[in-house]
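Student: I would like to go through this structure by asking how each label is earned. Could we set the values against the definitions as we go?

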Amino acid sequence: MSPHKAMSAGRDIAITKHKSPFDSVSSTMPVRKAIAEKEGAYFITFTCINWLPLFKLCNAYDAIYTWFNHLKQQGHYIIGYVIMPSYVHAIIAFSNTGKTINSIISNGKRFIAYDLVKRPQQHNSSLILTELSSSLNSTERKEGKLHNAFETSFDWKECRTEKFIQQKLDYIHYNPCKGNKLVELPE
């Protein structure tokens, strides 16, 4: 199969890997650390595989909104969020539904990943699909997995005070104003 350029909103674009802004501290980030509680407010971050801007490339921001709507139907509350081209920050107040917060986030990532893989398949964008399949390790390949859309773990911090929640809300709302400056003002 010959490689194709990625499609985004009907335009051809090239895929480039983005270096994580957290590379210098990546060894201190939690990896697969379970959240012991089944309820509470948490600041979570999950990242597309290899920091690829998959939400932008696949025009899949709506997949996050669909997941948020599902969470709300389950009794959870979305306090604040930002969807960047390659990652999501969200503050979510989880209600006790009997499921662990880790499984709720993992299931959400899996739900969104199916959508992220389906869109390039529909547009015959083999370059994106090749990138997502090249990130698989040998165990994942043996298990029959075809693509990785997200980094395995996600970062989280418990929000115990209103001050901390406000600090994280300010952080996520100003996030698009930094670096590549997707917007000038958080409003």
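Student: Leaving aside its neighbours within four places in sequence, which residues is L146 in contact with?

Tutor: Before the answer, a word on the source: this is a predicted model, in which local features need pLDDT of at least 70 and side-chain atom pairs count only at pLDDT 80 or more, while totals for chains, interfaces and linings use all residues. Residues are numbered from 1 along each chain as its sequence is written, and side-chain values use heavy atoms, with hydrogens and water left out. With contact meaning heavy atoms within 4.5 Å, L146 is in contact with S133 and L136 once its neighbours within four places are set aside. L146 itself sits in the loop between α5 (138-142) and β6 (155-158), where helices (H or I, at least four residues) and strands (E, at least two) are DSSP runs numbered from the N terminus.

Student: What makes L146 exposed?

Tutor: Exposed means over 50% relative accessible area, buried under 20%, and partly exposed in between (1.4 Å probe, protein chains only); L146 has a relative accessible area of 58%, so L146 is exposed.

Student: Why is the pair of Y65 and Y81 called edge-to-face?

Tutor: Rings of Phe, Tyr and Trp (its six-membered ring) pair if their centres lie within 6.5 Å, and planes under 30 degrees apart count as stacked, over 60 as edge-to-face and the rest as tilted. Y65 and Y81 are 5.9 Å apart centre to centre with 80° between the planes, so they pair, and as edge-to-face. Y65 lies in helix α2 and Y81 in strand β4 (residues 77-83), so the pair ties together parts 16 residues apart in sequence.

Student: How do you know whether Y65 and Y81 are buried or exposed?

Tutor: Neither word fits, because Y65 at 39% and Y81 at 32% both fall in the range called partly exposed.

Student: What makes the pair of W67 and F68 tilted?

Tutor: The centres of W67 and F68 are 5.7 Å apart and the angle between the planes is 35°, so the angle falls outside both the stacked and the edge-to-face ranges and the pair counts as tilted. Both residues are buried.

Student: How do you know that K168 sits over the ring of Y171?

Tutor: The rule asks for NZ of Lys or CZ of Arg within 6 Å of the ring centre and within 35 degrees of the ring normal; K168 lies over the face of Y171, at 5.8 Å from the ring centre.
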